[in-house]
Amino acid sequence: MTLPQPRPLGQENSGMLDIQPPVAHKLEALCQLFPQAVETDAQGRIRINAAMLQLALDPANPAGVQVEEDGFELRWVGKREAYHSAFVPVQKIVQPAPEQSKAWDSTGNLLIKGDNLDALRLLRHSYFGKVKLIYIDPPYNTQSDAFIYRDDFSARQSEVLAQLGYSADNIDYIKNIHGARTHSGWLSFMYPRLLLAKDLLRDDGVIFISIDDNEQAQLKLLCDEVFGEENFVASFIWQHRKSSQNDADVSLSHNYLHTYSKNRTLCNINPLDVDESKFSNPDNDLRGDWVADPMDAPGLRENLSYPVTNPNTGEIYRPPNARHWRFTEEKYIQALSDNRIVFGKTGKSRPQFKRFKSEAVEKGVAPFTIWTEWGTATEGTKELLDIFQGSKIFETPKPTRLLEEIVKLGADPDSMVLDFFAGSGTTGEAVMRLNAEDGGNRQFILVQIPQPIDPKKQKEAHRFVTETLGRPEATIFEITAERLRRAGARLEAERVAKTEAAGGLLPDDTPALDTGFRVFELVDAPDALILQKPLASATQADVLALQTTIATPQPAHLPRVLYNLLLAEGLPLTTALETIQENSLYRADDVLLVLQTLPLDALTDTVRALQQGPQPVRSITVYAPWINDDNFILGLHTVAETLGFSEDKLRLRG
C-alpha cells in the first residue's frame, strides 16, 4: 500500500508528476517564471541552465546578477543521495493498533512505531505546515551511540546513486558510511529528516534540537542550510550535570539546543513565567507588589545620559560607563512624579524603576540562552526509576521539567508538538502535564523505531519488557508506550485527588485531560494501494488491473484501508471515522469514503442527506480495488453531476 504524492487533485498526468515534492512545487514555479532556464536531457533528467537564468533575471545587464555555482556551503560525499532520500515515494503504510493504544476513540495524540524517515514521509501528506513545535534528541554520533537507522543498500539504490552522478568509488563509500560513526554518515542521516521536519512546521513554527559537542558544529551548518541562517533563533545551553566528573580532565556539563524557526519574522519565542516571590510592597503602593529594576541599560546614547538628582540626598547620578538611562529625561520626570522611581531601600542609592507584578506577569520574561535550573540528566533518570518502580530501563532520559519549559517556549496551548526521536517518551509526558496544569489542549505526535533491547547489555530493560509487560519482543518502543500509559494514569490520579480536595467538584469550565494516544505501526505495503488518479482519466482497464493484484475485500483489511485513505486525503490520523453503511460507506470530516459497490440511487440519496447536514460532504473518494462493478465507477459521474460535485471532488484511489 503506497500513498499518492501530493499534487493538485484532478491534475492531468505530466512529466512534472514524476518529480517528488517539494521539488515538484519549486520546479513548477521555476518553469513558470523562467521556462528558458529549465532544460531536459535525452534521459529525461532536469538541468538548470545558470547562464539563461542569469540572463532572464537581468537581460539588459547580465553581468549585474551573478548566479554562483560555487561558494560557501556544507559539503560531504552522499549529500545528493541524502536529499533525494527525503522525497522518494514511501514504501510503508500505517497499520492501526487500537489494542496497543489508550482512549482510541477520543484522543488527539499519536504514537507511531517505525523508522522516523518513513514516518515523516507519511506524515507529510496530512500534517504539512501544521506542527507548531518540534523537539528532537537525535543520536549524538558518539561511541556510545548505536546507529540503528542504518539503510541497507539495494541494487536499485545503487542505480539511483549512479543517476545522481556519483562515481563507483563514491557509491561504495556512501554504502559504507551509512550507519558509521563519521560526520558524513551522520549528516546523511540527519539531512533528509530535517528537510521533512521543515515541511511539517507551521510558518510560525520552531524546532529545538538537542546535541553535544561531537556534532553541534556540523548540525549548526546543516540547519543554516535547511532552515536558512536568517531563521536561526538561538543555541541554548542546558546544564545537564551539576556534579564534577572525577574520571576526566575536563568535566563536561552541558548540551546544546540549536533552535530554528520556519520563518523568524512570524515566530516569537514565548516568554517565561515571572517568579512572583521576588515582588513585594514595602511602601504600600496601591498598585500592588513591585520589584526595583535598574534604570540604566547597556550602550552609549548621549541623549539618554542626563544627570539625575536624588531628592533625598541631593547626590547627582549619571549612567555608569558605557551605559545609558532606559528612557528620556521627560519620561523620567513623569515616572518620578508617579512614584515609579526609587533610590534603594534607604533612599540613598542609585535610581531604580518600579516594575509592578501585574505588568511583569502580563509581559513575562525573555528566556536566557543558558539554562541552569531546568532539571539535570540525573533528575530524568530518577523520574523514570520512579515511574517504573525502580527499574532502570532507559539510559540518559531528558527530565520532564526541561521538556515542559521547551514546550512553553515554542508551543501555544492548543498547538501540535512533534518528537520523532521519542525515546522514553518524555515529550509526550511533558505535553500532558502542561495541559493538566494550564488547561491547554496541546497534542503530540511521537515516533519511535522498535529498536531491539540487548538481553545481555540491557538485562533489566529486557526483563521488564518481556516479563513485566509480557511483550514477545523487547524494544524501546514498548518502553515509550508504557511510559505514556503510566504518566497518563498518574496525571489522572492527581486530578482525582484535586477533585476530592475541592469537595468532589471541579469548576464547570475545567477542560477534559487527554492522556490517550493512538498507536500506528509502519508496515510494508502488501500491494499497491491508495495510488491517486483523477476519476475522469481512470479506465476499466485501470480498475481490472487493480482488482487482479489486490485480494477480495476482507474485514481484517478494513481498518488499514480506512486510515491510509485518511493520509491520502490529507486528513489527520486522529480524524473520527463515522460509519454510514457497514463495510461500504464511511465519513471522515467532509469526505465520503466509498469502499464497496451499492445502488447508485441509494448513494445519491445518502450524499444528498449528508449535504444538508451541519457539516456537508464536499468530496467523494472511491476505493477502486474493492469495487466489483465497472458500471458503478462509470455511473458515479452521473451521481457527481446530479449532486453538483466538480470532477476534482470525485476521486478514484487504489
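Is R490 buried, exposed or partly exposed? With a relative accessible area of 31%, R490 counts as partly exposed, because that value falls between the limits of 20% and 50%. I will come back to this residue in a few minutes, but let me begin with the chain as a whole, and please keep in mind throughout that what you see above is a predicted model.

The protein chain has 654 residues, and 47% of them count as buried. Its secondary structure comes to 19 helices and 25 strands. If we take the contacts between residues at least 6 apart in sequence, we find that 73% of them join residues at least 24 apart. As for the surface, the protein chain exposes about 32000 Å², and carbon and sulfur atoms supply 50% of that area.

Let me now turn to one pair of helices, α7, which covers residues 183–200, and α8, which covers residues 216–227; their axes come within 10 Å and cross at roughly 35°. The crossing of α7 and α8 is right-handed. On the α7 side the contact includes W186, L187 and M190, while on the α8 side it includes L219, L222 and F227. The residues of this contact divide into 11 nonpolar, 2 polar and 2 charged.

A single residue can also be followed in this way, and I have chosen V607, which lies in helix α18, residues 600–611. V607 is buried, since its relative accessible area is 0%, and the limit for that word is under 20%. Which residues does V607 contact, leaving aside its neighbours within four places in sequence? They are L592, I620, L643 and F645. For one of these partners, I620, we can set two distances side by side: I620 is 13 residues from V607 in sequence, and the two are 9.0 Å apart in space, C-alpha to C-alpha.

Now to the charged side chains. Side chains of opposite charge can pair when their charged atoms come close. In this model the count comes to 35 salt bridges, and I will show you three of them.

In one, the side chains of K357 and D289 meet at 3.8 Å, N to O. K357 lies in helix α10 and D289 in the loop between β8 and β9, so this pair ties together parts that are 68 residues apart in sequence. K357 counts as partly exposed, at 24% relative accessibility, and D289 likewise counts as partly exposed, at 27%.

The next pair brings us back to R490, which forms a salt bridge with D386, the closest N and O atoms being 2.7 Å apart. This pair links distant parts of the chain, as D386 sits in helix α11, residues 377–387, and R490 in helix α15, residues 476–501, with their positions 104 residues apart. D386 is partly exposed, with a relative accessible area of 44%, and R490, as we heard at the start, is partly exposed at 31%.

The remaining pair is E482 with R485, whose closest N and O atoms are 3.1 Å apart. Both residues lie in helix α15, 3 residues apart, which is about one turn of the helix. Where E482 is concerned, the residue is buried, and R485 is buried too. Elsewhere, salt bridges that share partners join D283, D285, R287, D338 and K354 into one network.

Technical notes:
Residues numbered from 1 in each chain as written. Predicted model: local features only at pLDDT ≥ 70, side-chain atom pairs only at ≥ 80, totals over all residues. Heavy atoms only, no water. Helix = DSSP H or I, 4+ residues; strand = E, 2+ residues; numbered from the N terminus. Buried < 20%, exposed > 50% of the residue type's maximum accessible area, 1.4 Å probe, protein only. Contact = heavy atoms within 4.5 Å. Areas by Shrake-Rupley, 256 points an atom, 1.4 Å probe, with all protein chains shown as cover. Axes fitted to C-alpha atoms, helices over the stretch in contact; angles between N-to-C directions. Left-handed = near helix turned anticlockwise from the far one by under 90°. Nonpolar A, V, L, I, M, F, W, Y, C, P; charged D, E, K, R; others polar. Salt bridge = Lys/Arg side-chain N within 4 Å of Asp/Glu carboxyl O.
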